[in-house]
Amino acid sequence: MWWYVGKRLLQAIPVVLGATLLIYAMVFLQPGDPILALFGEKPVSESVKAELEAQYNLDQPFIIQWLLFLGGALTGDFGLSFSGQPVADLIGRAFPVTLKLALMALVIEAVLGIIAGFYAGLRRGKIFDSTMLVVSLLVIAVPIFVLGFMLQLVFGVQLQWAPATVGGDASFQRLILPAVVLGLVSFAYVLRLTRTSVVENLGADHVRTARAKGLSETEVNRKHVLRNSLIPVVTFLGADLGTLMAGAIVTEGIFNIPGIGNLAYQAVLRGEGPTVVSVVTIMVLVYVVMSLLVDLLYAALDPRIRYA
Amino acid sequence: MTQPLLQITDLQVAFRAGKQDIPAVRGAGLTVYPGQTVAIVGESGSGKSTTAHAIIDLLPGTGHVTGGSIVFDGRDITHLKRREREAIRGSQIGLVPQDPMSNLNPLVRVGKQIKESLEANGVARGKAADKRVVELLEEAGLPDAASRARQFPHEYSGGMRQRALIAMGLAARPKLLIADEPTSALDVTVQKQILDHLETLTTDLGVAVLLITHDLGLAAERADHLVVMYKGQVVESGPALQILKNPQHPYSQRLISSAPSLASQRLTSQLRAEVRESSVKTAGEIAAEIVAEGELGGEVTDAVVEAKNLTKVFKLPGGAPGRSIDFTAVDDVSFRLRRGTTTAIVGESGSGKSTVARMVLDLLEPTSGSVEFDGIDITTLRDKKQQLAFRRRVQPVFQNPYASLDPMYSIYRSIEEPLRTHKIGSDKEREAKIRDLLDKVSLPSAVMRRFPSELSGGQRQRVAIARALALDPEVVILDEAVSALDVLVQAQILTLLNDLQAELGLSYLFITHDLAVVRQIADDVLVMQNGKVVEQATVTEVFDRPREEYTRKLLDAIPGGSIELAS
């Protein structure tokens, strides 16, 4: 088992190398000169420009830029942003906000999705099931920025149930509305997945055996249907945390949240290679760790699975 | 006379499809007295399982009782409220289900699943229940029960799971136990052990048993009273021996004449000898022709396939990283398949018989040893053309006719595929060939346009045989080719295989776990155990004078083998 964990972590190395190289290449190929863009309309002297280019290694070929970045990253130095702040500090401030947002979204979608999916599965073809089908299709079909602005308008501006924007104060109360928006699409998937899984398990032979033993309907559902149905859902939820963090970029834009998505977006616009790549590296690591956790959780839930 | 424990009168069960009710059981009736064993016999789709499930209201999907009555212990239980129903299940009527692989919750420890039954029926709780679970598992014949109770179902073998299910069914000491094909998924020897045990247990406890089975031999051996069902109706019922010796209904007569366990006693070896004579002659002619054409090098000998010291070792991942454990699946197996005859390989699951088949088919490379086809070592056939020529002469038919046909291919396309692969004939010629093949396996040519899902199991297996014969092979490898079929269909397919062998001079390598069917088709028998050949002889020798203890055990395990028939 520890050998398995070690193997999986070793596998992360080429993944991180490949991802950073790819991002570096893309930032390098971006049209326009980032230093010129930095000065906007003002004229730039050749010497200042050369100095800045040297400071950010922009005068090197991109493969050297990448290697220099990697060398720095290994010692914990992610370089400076164009505004002169260390990238590590920027990420250190933005990452917890996004993590908090994503975790809140995850809890919301898991709790609501599993409960609704479970009842829809038990009452297959009844009115609750049909309603949930329509709701989930709607949520999946409508783009997140439409949903986001709609909920912001209705609950944040008109009803004033929750703050409409987040700004500098990323507190629990202020993050609730964005978390609901972020979790909505995944809620629909969790609901569908739970429902399908419950329906499948209801027809399983071992559930019939449980009934034949004389267990009451509630006991059968709780002990044999629900637990077995949760395995695919847990797998989905684990993988979804990474997706939520990456997908937060739109939600963070709508609600003005100082998270990692916003940071990456601004950095891409400015052509700040080191910042973009640092954010991506963090995200890749989150994905790798989460998928490892999911696999370990899977083994804990299902005794048939053993890793060697 | 005592009052019956269970009385079913004119039971009607239907499944709803759209707005229509499709009847599955039409007026079934039977009676079980306390402590009695009654068997319902019939082929799949006869309504025997549906009748049994209707008793405890566990009908699948849209099934529901539309008429008639079920009286249990003097009380009408046909239409009960949910609570009353749950009170009867487990404590009054227990169930031992069919497939031990799917009937235990894979995520819950076996002991806990049995404990649930005790707690739900108020027999025992907590520590006392834990203790009782171990006693119950011991009673069901599970060795080392205390530690076994803490294991998960996947750590059990099929036989052990079935024992756990028996312990579960009897946990709350019901008055009636419904055993729905309790052993049809198990090897014959395990089957016998389990049934013996179930019999002693239910006799000791005085539990009545309603046994559901498709095997008439098994039913007659285990039950006092038989109920024969056909198309949702009871066509005959009475004392077991009476039905066996003097069946009244034509369907019962057919069942008795085709049950392999019973039929094998009567099928004269002369019939088989005739098949062999004709087949060997044809095969010799074909071989001579091929030699004359000089298609494949090698010389024509008496043996078309000869396996020499075949060994297969699988490496299983295990223990420390990078290490592996050697598992010898096949250990030094040698045999000769004589041209135009049938060699049967018999053994329990895990004996390595299918691995042998895969090596003979050149689908798996042997670790050592060789397979010679007409004197040529097939592992040396490494260029594409030679390999293709080899495949053309050796064709397989597999066990599961549901899985071995592509569901998206029409029957025509399935049979045509090998012809197309080997670039044989024009479109017209191929169509004529397919019509001819379907005719050979006694299927109407109208099935060509149909898809596998529209055919029955027996029809699909005929299609699989037609596909195997499409390339005019000399050797057909039949890997459990009749094991998944109902007895009647099984008998038909065996007859078909015999006819085809006589007509086309085929050589069969017939792999099976069921010794009962061997006598009807084989000339030579190889008995395998744990990868080794333990006995190798002609079919009559194996049946009449088995030399090995293991072979005798396999023979004893054939259900109904000891019943004398007046014919």
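This passage walks through a pocket, some annotated spans, a few ring pairs and a handful of single residues in a predicted model.

A good place to start is the second largest pocket, which has a volume of about 980 Å³. Its lining is made up of 30 residues, and those nearest the centre are A:Leu202, A:Arg211, B:Leu59, B:Pro60 and B:Gly61. Several elements supply at least two lining residues each: from chain A there are α5 (87-122), α8 (172-202), α9 (205-212) and α10 (217-255), and from chain B there are β4 (63-72) and α2 (82-88). The top contributor is α9(A), which puts four residues into the lining. As for chemistry, the lining splits into nine nonpolar, nine polar and 12 charged residues.

Next come the annotated spans of chain A. An unreviewed UniProt entry lists "transmembrane region" for residues 12-29, 62-82, 102-122, 134-155, 175-191, 230-255 and 275-301 of chain A. Two of these can be checked against the model. Residues 62-82 of chain A are 62% helix and 0% strand, with 18 Å between the end C-alpha atoms. Residues 134-155 of chain A come out at 91% helix and 0% strand, and here the end C-alpha atoms are 22 Å apart.

Chain A also offers a charged residue worth a look. A:Arg8 sits in helix α1 (residues 2-29) of chain A. With a relative accessible area of 17%, A:Arg8 counts as buried, because the cut-off for that label is under 20%. Leaving aside residues up to four places away in sequence, A:Arg8 touches A:Ser291, A:Leu292 and A:Asp295.

A buried residue turns up in chain B as well. B:Thr50 belongs to helix α1 (residues 48-55) of chain B, and its relative accessible area is 15%, so it is buried. Again not counting residues up to four places away in sequence, B:Thr50 is in touch with B:Val13, B:Phe15, B:Ala24, B:Val25 and B:Leu59. B:Leu59 has already appeared above, among the residues nearest the centre of the second largest pocket.

Now for the aromatic rings. A pair of aromatic rings is described by the distance of the centres and the angle of the planes. Over all chains, the count comes to five aromatic pairs. One of them is the stacked pair of B:Tyr230 and B:Tyr251, at 4.1 Å centre to centre and with 25 degrees between the planes. B:Tyr230 lies in strand β9 (residues 225-230) of chain B and B:Tyr251 in helix α10 (residues 250-258) of chain B, so the pair ties together parts that sit 21 residues apart in sequence. B:Tyr230 is partly exposed at 22% relative accessible area, whereas B:Tyr251 is buried at 1%.

B:Phe373 and B:Phe390 make an edge-to-face pair, 5.4 Å centre to centre with 90 degrees between the planes. Here strand β14 (residues 368-373) of chain B holds B:Phe373 and helix α14 (residues 384-393) of chain B holds B:Phe390, so this pair links parts 17 residues apart in sequence. B:Phe373 is buried, with a relative accessible area of 3%, and B:Phe390 is buried too, at 3% relative accessibility.

Last up are two backbone oddities. B:Asn309 has a positive phi of about 45 degrees even though it is not a glycine. B:Asn309 is part of strand β11 (residues 303-317) of chain B and is partly exposed, at 41% relative accessibility. B:Ser442, also not a glycine, has a positive phi near 55 degrees. B:Ser442 is found in the loop between α16 (427-440) and α17 (457-469) of chain B.

Note on methods: Residues are numbered from 1 along each chain as its sequence is written. Chains are lettered from A and ligands numbered from 1 in the order in which they are written. This is a predicted model: local features need pLDDT of at least 70, side-chain atom pairs count only at pLDDT 80 or more; totals for chains, interfaces and linings use all residues. Side-chain values use heavy atoms; hydrogens and water are left out. On a 1 Å grid over the protein atoms alone, a cavity is a set of points where a 1.4 Å probe fits but cannot get out, and a pocket is an open set with protein on both sides within 12 Å along at least five of seven lines; lining residues have an atom within 4 Å of a point. Grid points are joined across faces, edges and corners, and a volume is the space filled by probe spheres set on the points. Ala, Val, Leu, Ile, Met, Phe, Trp, Tyr, Cys and Pro count as nonpolar, Asp, Glu, Lys and Arg as charged, and the others, Gly among them, as polar. Buried means under 20% relative accessible area, exposed over 50%, partly exposed in between (1.4 Å probe, protein chains only). Contact means heavy atoms within 4.5 Å. UniProt positions are given in the numbering used here, feature names are shortened, and annotations may be inferred rather than shown by experiment. Rings of Phe, Tyr and Trp (its six-membered ring) pair if their centres lie within 6.5 Å; planes under 30 degrees apart count as stacked, over 60 as edge-to-face and the rest as tilted.
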